[in-house]
Amino acid sequence: MIITIKDDFDLKKIEYSGQCFRAKELTDFPGLFRFILDDKILYIKKIEENKFEVDCSEADWTNIWTPFFDLGTNYSKIRKSIVDDPFMHNASDFGAGIRLLAQPHFETLISFIISQRKNIPAIKSSIEKLSELLGQKYTTEYEEIYSFPTPEAVLNASFDDINRCGLGYRTGYIIDAAQKVADKDIKLNELEALDDDELINQLKTIKGVGDKVANCVALFSYGRKSLAPVDVWIQRLIDNEYNGTNPFVKYGDIAGVMQQYAFYYMTHGK
DNA sequence: GGCCAGGCTGAAG
DNA sequence: CTTCAGCCTGGC
């Protein structure tokens, strides 16, 4: 099926935007990108300007992937609204095409717990190993892949098995998170109803979840676009370009979009 | 082979 | 309230 997307939409930039770790361009099929959302797998390829080929039904595109890619938000309009902020203007220009993905709560939570003090290749490797070990296997026309494990699957595994995924001291954090979710100690779906501060506080009750991880989960999984996670790259930006003053706060409900442009520019720009 | 990474925790000042 | 060592392990 061919679909039309008129707004900013760049698959490669989304893959490298740092918010997701399992999306990828298939090495054997350049231009063809794969996304995983729970038990749904999407292959998508750009055909021409604003036109993309997708391998899902129209209903799935509308009900699942349209919200996943946040297609209800006009990103080019957001970019054009930037005034009086040269750095952010350049960054948004460079990062045009990035979108905030609405990713599954549990997967995002675990992924960003894993991310601490790891580089991206190491993060990806751990997540793939976890999925292969505890996820469900799917065979598509292109590959065999595994869904991200459920909290129950994580709990049913032994400490040693999980630890073999290269998690180091984070293994205990991940088991704690799975336990709190499986025991309904934390109901990830119900957190959607909370305001930003309450959501962050609830997430931080999980071991290994501090300010940065909680903000990432809130932005990349709960769609809280008024939040802008501060990692070492963003901190470097705040220190070097803005004299220590956080430039994102003033962007209100699009602060998180600016954070993505800024992060991508810091890590992939010149 | 050494250094350090897209932080957090717990303890100490 | 703020600072800071120590943390597991894999990439480069």
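This report describes the domain arrangement, the DNA surroundings and one helix residue of a predicted model.

## Domain layout

The domain assignment divides chain A into domain 1, covering residues 2–67, domain 2, covering 105–220, and domain 3, covering 232–268. Between the C-alpha centres of domain 1 and domain 3 the distance is 26 Å.

## Interface of domain 1 and domain 3

Contact between these two domains involves six residues of domain 1 and five residues of domain 3. Together the two domains bury about 410 Å², with 52% of that area on carbon and sulfur atoms. On the side of domain 1, the greatest losses of area to domain 3 fall on Lys-13, Tyr-16 and Ser-17, which together make up 76% of what that side buries.

As to specific interactions, zero salt bridges are found across the interface of domain 1 and domain 3. One residue pair is in polar contact across this interface, with both residues at pLDDT 80 or more. The side of domain 1 that touches domain 3 consists of one nonpolar, three polar and two charged residues.

## Surroundings of DNA strand B

Around DNA strand B there are 20 residues, and those that come nearest are Gly-18, Arg-117, Ile-120, Tyr-169 and Gly-210. By class, the surface near this strand comprises ten nonpolar, five polar and five charged residues. Sugar or phosphate supplies 49% of the atoms of DNA strand B within 4 Å of the protein, and bases supply the rest.

The polar contacts of DNA strand B involve both a base and phosphate oxygens. For the base, an N or O atom in the side chain of Arg-117 is 2.6 Å from a nitrogen of DNA strand B. For the phosphates, a backbone N or O atom of Gly-210 lies 2.7 Å from an oxygen of the strand, and a backbone N or O atom of Gly-208 lies 3.1 Å from a phosphate oxygen. Two elements give two or more residues to the surface near DNA strand B, namely helix 11 (211–221) and helix 12 (232–241). Helix 11 provides the largest share of that surface, with three residues.

## Surroundings of DNA strand C

The residues that surround DNA strand C are Arg-117, Asn-119, Pro-121, Ser-125, Gly-166, Gly-168, Tyr-169 and Arg-170. Of the atoms of DNA strand C that come within 4 Å of the protein, 57% belong to sugar and phosphate. The surface near this strand divides into two nonpolar, four polar and two charged residues.

Individual polar contacts reach the base, the sugar or linking part and the phosphate of DNA strand C. A base oxygen of the strand is 2.9 Å from a polar side-chain atom of Arg-170. A polar backbone atom of Tyr-169 is 3.2 Å from a sugar or linking oxygen. An N or O atom in the side chain of Ser-125 is 3.4 Å from a phosphate oxygen of DNA strand C.

Arg-117 and Tyr-169 appear in the surroundings of DNA strand C and are also among the residues that come nearest to DNA strand B.

## Ile-64 in helix 2

Ile-64 is located in helix 2, which spans residues 58–68. Apart from neighbours within four places in sequence, Ile-64 is in contact with Leu-37, Lys-40 and Ala-59. Ser-131 stands 67 residues from Ile-64 along the chain, and the C-alpha atoms of the two are 21 Å apart.

Notes: Residues are numbered from 1 along each chain as its sequence is written. Chains are lettered from A and ligands numbered from 1 in the order in which they are written. This is a predicted model: local features need pLDDT of at least 70, side-chain atom pairs count only at pLDDT 80 or more; totals for chains, interfaces and linings use all residues. Side-chain values use heavy atoms; hydrogens and water are left out. Domain bounds come from an automatic or database domain assignment. Contact means heavy atoms within 4.5 Å. Buried area is the accessible area (1.4 Å probe) that two parts lose on being put together, summed over both. A salt bridge is a side-chain nitrogen of Lys or Arg within 4 Å of a carboxyl oxygen of Asp or Glu. A polar contact is a pair of N or O atoms within 3.5 Å; within protein, one must be able to donate a hydrogen and the other to accept it, and residues adjacent in sequence count only if both atoms are side-chain atoms. Ala, Val, Leu, Ile, Met, Phe, Trp, Tyr, Cys and Pro count as nonpolar, Asp, Glu, Lys and Arg as charged, and the others, Gly among them, as polar. A residue is near a molecule or strand if one of its heavy atoms lies within 4 Å of it. Helices (H or I, at least four residues) and strands (E, at least two) are DSSP runs, numbered from the N terminus.
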